[in-house]
Structure formats: C-alpha cells, structure tokens
Amino acid sequence: MSKLYISYNIVHKLCQQAAQEIKALGQLVDLIVAIGGGGFIPARILRSFLKEEGKKNIPIQAIGLSLYEQMGDEEKIGKEVVRTQWLDFGSLGQHMDMLIGKNVIIVDEVDDTRTTLHYAVTELERDVREIEEKTGKQGTTKFSVFVLHNKRKAKRAELPEEFKEKGRYIAGTDVDDVWIAYPWDAIDIDEHTEAAKEQGNY
Ligand code: 5GP
C-alpha cells in the first residue's frame, strides 16, 4: 500500500476516543497547544469532546514548527525543526503565566520520526523555566501529547522519560511506516473519502 487515506470521520472518532481516555484517567486539560497545520483540526475536535458542562471551553494556542531537510553531503543530511510561530501571550505579555502550573496537551496529526514532538516539548519546557524565572510564579506544569497516528518505526528523537507514564502520550492508532493522506489536504474530498472507505479507514 503506497498511501493510507484517512477520512474526516476517522479523525473525529480518534479525537473522541482520545478524549474518553483522557477523561477516564481523570486528567485535567487547561490548555491545548496545536502544532500547525496538522494539529489544528484534531485540536479543535478534541476540545469539543473534552468540554465539561458548565465550564469554559479549553483555550487552544497554535504554534508553528517546520521540519526542514538540511542541505549537505548525503551522510550528513538531517532534519531540523524551526519555530515559525510561538505561543501568543498577548500584546503586553500579561498572559505569560498561562503555562505555569497547568496541564497542557500538545496536539499534532502524526508522530513520524518524533523530531517535531521532541522539539515542541523541549522548547515548551524551556519556556516554562524562563517564565518562572521572569515572573517568580512557580507551579507544576505537566505536558502530555496527542497524535492521531504514530508510525511504527525507529524514531530520531525521544520524549522525556515521564512521557512513558499512562496518559502522557496518546496515539489514536499505530500504523506502518507509510505516507498518510489526511482529508484536509485532499483536492477532491469525495474521491479521498471513497479511497479511505476502500481501505477501511472510515
Ligand atoms: P516528525 O518526523 O517530526 O515526527 O514529523 C514531522 C511532520 O512531518 C509531521 O508533523 C507532519 O506534518 C509531517 N508528516 C510526517 N509523516 C507524514 C505523513 O505520513 N503524512 C502527512 N500528511 N504528513 C506527515
């Protein structure tokens, strides 16, 4: 199989299932950090399923990370993640403490080589330390990760040890190392959905 076609319905159901898992574990989520662009739609759907009656919607912050192929001779070619957009603390920075002492879930569509997730967690943890120093505010900030798909393959980077704890790393499904075609990239959504149905991904 050259490509795995994923329908919107599957995306929706994987988010619903993840929210159920998060709720069943009694995990609270104060902030959703969506890695753009693949994390945006899953993050928004996840928020609906995490919503508690009578409570406010969980805020979503978008961050932009891009994985660039480094140029160089073949053996040295690697991949580097670059920040293109970071957390928006508001114009006066008055919301800088939005990360401190919070339960934050980082959302992306796929964990391929894990480079992006590793970078996101490392940078966000660094931000927390810097903000704590700047504001004098302290608290236990807990990060967790949700991806729709995790590719079964050797990873180029690892997440910190504590992500092995239950509920800290949630993958909707584990898949083989193939290219995943997501519905938001489809030119013809009907054809895409048919292809997903044929593969049983509906
Ligand atoms: P990483 O290798 O850092 O885990 O993944 C980097 C990024 O590459 C992902 O966030 C995603 O945007 C993109 N990517 C990796 N594998 C796939 C795939 O199979 N399908 C799509 N659509 N994007 C992918």
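Ala, Val, Leu, Ile, Met, Phe, Trp, Tyr, Cys and Pro count here as nonpolar, Asp, Glu, Lys and Arg as charged, and the others, Gly among them, as polar. Keep those classes in mind as we walk through this predicted model.

**Stop 1: the ligand and its shell.** Select the ligand to begin. The space it takes is the largest pocket. Now add the 15 residues around the ligand; D112, T113, T116, K151 and I180 come nearest. Colour the shell by class and you will find six nonpolar, three polar and six charged residues.

**Stop 2: the elements behind the shell.** Switch to a cartoon view and pick out strand 5 (103-111), helix 3 (115-135) and strand 8 (179-181), each of which supplies at least two residues of the shell. Which element gives the most to the shell around the ligand? Strand 5 does, with four residues.

**Stop 3: polar contacts.** Show side chains for T113 and D108. An N or O atom in the side chain of T113 is 2.4 Å from an oxygen atom of the ligand, while for the side chain of D108 the distance to a ligand oxygen is 3.2 Å. At I180, turn to the backbone: one of its N or O atoms there lies 2.8 Å from a nitrogen atom of the ligand. Taken alone, the ligand exposes 510 Å², and the protein buries 85% of that.

**Stop 4: a salt bridge.** Side chains of opposite charge can pair when their charged atoms come close. The structure holds 13 salt bridges. For one of them, select D127 and R83, whose closest N and O atoms are 3.4 Å apart. This pair links distant parts of the chain: D127 belongs to helix 3 and R83 to strand 4 (residues 79-85), 44 residues apart.

How values were computed
Residues numbered from 1 in each chain as written. Predicted model: local features only at pLDDT ≥ 70, side-chain atom pairs only at ≥ 80, totals over all residues. Heavy atoms only, no water. Near = heavy atom within 4 Å. Polar contact = N/O pair within 3.5 Å; in protein donor to acceptor, adjacent residues only side chain to side chain. Areas by Shrake-Rupley, 256 points an atom, 1.4 Å probe, with all protein chains shown as cover. 1 Å grid on protein atoms, 1.4 Å probe; cavity = no way out; pocket = protein on both sides within 12 Å on 5 of 7 lines; lining within 4 Å. Sits in = over half its atoms within 2 Å of the grid points. Salt bridge = Lys/Arg side-chain N within 4 Å of Asp/Glu carboxyl O.
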